[in-house]
Amino acid sequence: MTVGVAIVSWIALPSSFTIFNFGSQKVVKNWQLFLCVGVGLWAGLIIGFVTEYYTRNAYSPVQDVADSYRTGTATNVIFGLALGYKSVIIPIFAIAVSIFVSFSFAAMYGIAVAALGMLSTIATGLAIDAYGPISDNAGGIAEMAGMSHRIERELMHLMPQATPLLPLGR
């Protein structure tokens, strides 16, 4: 995606243009806007990886929260709250660095395009999140309709990380 942003910024943007920076004028070059979008894009990637680490059950933070429940509910709530506070440290720094770099290159306009860089991957994330339940629902409908097992196999090829469909009394 970074390469695509670079190509678009060199082809579609003028080599330099003027923006207003709190009453004064500032000349911005196309490579500076590319860096603003790139910093936002990479900050969004960092936020995504940190979020996955703190929310996926294969990693230790979620397992530690589950283990803290053994000593009681209050311990679990306190541990979960502390882990929630800890989980936002890296994303806050990623956003702060993105804001600082973008503002230094292109003032408020740089911050705006960095935010667009952060949001540019949201369509892919939403499509992935929506595809799983749709595929599962299709498998459930096929199973309840009494369709052949071939359809279940085809759905499992489309989504190999899904759990196998449970037979309903067949």
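Two strands are said to pair if DSSP finds at least two bridges between them. In this predicted model, strand E1, which covers residues 16-21, and strand E2, which covers residues 24-29, pair in the antiparallel sense over six bridges. Within this pairing, Thr18 stands opposite Val27 in E2. The hairpin that E1 and E2 form has two residues between the strands, and Phe22 takes a positive phi near 55° in this hairpin.

Beyond the hairpin, the UniProt record, an unreviewed entry, lists residues 31-55, 76-101 and 107-128 under "transmembrane region". Over residues 31-55 the chain of the model is 100% helix and 0% strand, and the C-alpha atoms at the two ends are 36 Å apart. Over residues 76-101 the chain is 96% helix, again with 0% strand, and here the end C-alpha atoms are 39 Å apart.

Aromatic side chains were examined next, and a search of the whole structure finds six aromatic pairs. In one of these, the rings of Tyr53 and Tyr54 have their centres 5.1 Å apart and their planes at 85°, and the pair is therefore edge-to-face, since planes over 60 degrees apart are assigned to that class. The rings of Tyr53 and Tyr59 have their centres 5.4 Å apart, but their planes lie at 45°, so this pair is tilted. Through such ring pairs, Tyr53, Tyr54 and Tyr59 are linked into a cluster. As for the exposure of these residues, Tyr54 has a relative accessibility of 17% and counts as buried, because buried means under 20% relative accessible area. Tyr53, with a relative accessible area of 35%, is partly exposed, and Tyr59, at 33% relative accessibility, also counts as partly exposed.

Charged side chains were considered in turn, and the count comes to two salt bridges. In one, Arg56 is joined to Glu52, with the closest N and O atoms 3.0 Å apart. Arg56 is partly exposed, its relative accessible area being 43%, and Glu52, at 30% relative accessibility, likewise counts as partly exposed. A salt bridge is also formed by Asp67 with Arg70, where the closest N and O atoms are 3.6 Å apart, a distance that qualifies because the cut-off for the nitrogen and the carboxyl oxygen is 4 Å. Asp67 is partly exposed, with a relative accessible area of 39%, whereas Arg70, at 73% relative accessibility, counts as exposed.

The residue that follows Asp67 in the numbering, Ser68, lies in helix H3, which is made up of residues 60-68. With a relative accessible area of 9%, Ser68 is buried. When residues up to four places away in sequence are not counted, Ser68 touches Thr75, Asn76 and Phe79. With Asn76 there is also a polar contact, made between the side chain of Ser68 and the side chain of Asn76 at 3.2 Å. Asn76 is, in turn, a residue with which one of the segments listed by UniProt as "transmembrane region" begins, namely residues 76-101.

Definitions and conventions:
Residues numbered from 1 in each chain as written. Predicted model: local features only at pLDDT ≥ 70, side-chain atom pairs only at ≥ 80, totals over all residues. Heavy atoms only, no water. Helix = DSSP H or I, 4+ residues; strand = E, 2+ residues; numbered from the N terminus. Buried < 20%, exposed > 50% of the residue type's maximum accessible area, 1.4 Å probe, protein only. Polar contact = N/O pair within 3.5 Å; in protein donor to acceptor, adjacent residues only side chain to side chain. Contact = heavy atoms within 4.5 Å. UniProt positions renumbered as here; feature names shortened; annotations may be inferred. Phe/Tyr/Trp six-rings, centres within 6.5 Å; stacked < 30°, edge-to-face > 60°.
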